[in-house]
Amino acid sequence: MVNQAHLLDRRPHRDGPELTLAGGLRVARARVHEICGAARWVFALEWAGRTSGPVMWIKPAWSTETLFAPGLGPWCDPTRILTVKAGQTRDILWAMEEALDSGAVSAVISEVSEIPELTPIRRLHLAAERGAQKGAEAPIGILLTPERGGAPGVETRWMVTPLPSGHPAWRLDRVRARMAAPASWTMARDRTGAFTLTPTTGPD
């Protein structure tokens with residue numbers, strides 16, 4: 001039986017597995033994070049590419065957009081990505097919870113059209129923690145939310161927006177994090193195709 005008291009635990013998770021991103025940024029595994037902004041899919045692929053196991057990408061059933069496998073190569077091996085479609089937001093969150101709990105995936109990326117409430121977020125955290133005890137790699141949950149996001153209870157919140165440039169570049173804002181201050185970077189690709197981060201001013 002799940003310890004219900006843990007649902008109310010708001011203490012930061014300091015001593016757990018982490019995922020290292022571009023520029024040495026570290027985020028907690030076995031937790032759920034939020035990415036918003038017009039270029040949120042780009043940063044989600046960066047996270048997926050840093051894992052080593054299967055990645056589940058959950059999209060709304062009404063969405064006509066699909067992941068273009070040949071274009072995913074610079075970020076993540078497309079053969080590792082399993083695309084799933086679910087109905088309403090509650091169905092997407094249920095599928096995400098089940099996948100995180102299974103221990104069979106390294107990451108679950110879910111596109112939602114509305115901001116989830118706090119209770120489902122807490123359930124996702126618990127599912128990711130259980131999945132970390134079952135699989136070879138502690139899973140990480142990523143919610144892709146519209147506009148400026150705002151999901152309550154997430155471990156971190158990031159906003160990614162494209163920058164006008166002669167080459168692909170984005171502004172990356174760490175808007176919220178339990179263990180780090182807000183910060184901002186310019187994110188681009190070097191000649192090897194890897195992301196580079198250059199610190200800029202804080203979020204607007």
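**Note on the sheet and the nonpolar cores**

1. Met 187 is a useful place to begin: leaving aside residues up to four places away in sequence, Met 187 touches Val 42, Phe 43, Val 160, Pro 168, Ala 169, Trp 170, Leu 172, Phe 195, Thr 196 and Leu 197. Please keep in mind throughout that this is a predicted model.

2. The largest nonpolar core has 32 residues, and within this core Met 187 belongs, together with Ile 35, Phe 43, Trp 47, Trp 158 and Leu 172, to the residues that touch the most other members. At least two residues of this core come from each of H1, E4 (55–60), E6 (107–111), E7 (140–144), E8, E9, E10 and E11 (195–199), and H1 is the element that gives the most, with 6 residues. As background, nonpolar side chains in soluble globular proteins tend to be buried together. Apart from this core there is a second, separate one of 20 residues, whose members include Leu 93, Met 96, Ala 128 and Ala 151.

3. Helix H1, which spans residues 40–49, is mostly covered, with 8 of its 10 residues buried. The buried residues in H1 are Arg 40, Val 42, Phe 43, Ala 44, Leu 45, Glu 46, Trp 47 and Ala 48, a list that holds the charged residues Arg 40 and Glu 46 as well as Phe 43 and Trp 47.

4. The open sheet is built from 9 strands in the order E5-E4-E6-E7-E3-E8-E9-E10-E11, and its pairing is mixed. Strand E5 (81–86) and strand E11 stand at the edges with a single partner strand each, so one side of each is left without a neighbour in the sheet. On average, and with direction ignored, neighbouring strands of this sheet are turned by 25° against each other.

5. Strand E9 (residues 169–177) is mostly covered, 7 of its 9 residues being buried, and E9 takes part in two hairpins, one with E8 and one with E10. With strand E8 (residues 156–162), E9 pairs in the antiparallel sense over 7 bridges, and 6 residues lie between the two strands of that hairpin. Two of the bridge partners can be named: Thr 156 is matched with Ala 177 in E9, while Arg 157 is matched with Arg 176 in E9.

6. On the other side of the pairing scheme, E9 and strand E10 (residues 183–189) are also antiparallel, here over 6 bridges, and their hairpin has 5 residues between the strands. Within this pair, the bridge partner of Asp 173 is Ser 184 in E10.

Conventions:
Residues numbered from 1 in each chain as written. Predicted model: local features only at pLDDT ≥ 70, side-chain atom pairs only at ≥ 80, totals over all residues. Heavy atoms only, no water. Buried < 20%, exposed > 50% of the residue type's maximum accessible area, 1.4 Å probe, protein only. Helix = DSSP H or I, 4+ residues; strand = E, 2+ residues; numbered from the N terminus. Pairing = 2+ DSSP bridges. Core = buried A, V, L, I, M, F, W, Y, C linked by side-chain atoms within 4.5 Å. Contact = heavy atoms within 4.5 Å. Axes fitted to C-alpha atoms, helices over the stretch in contact; angles between N-to-C directions.
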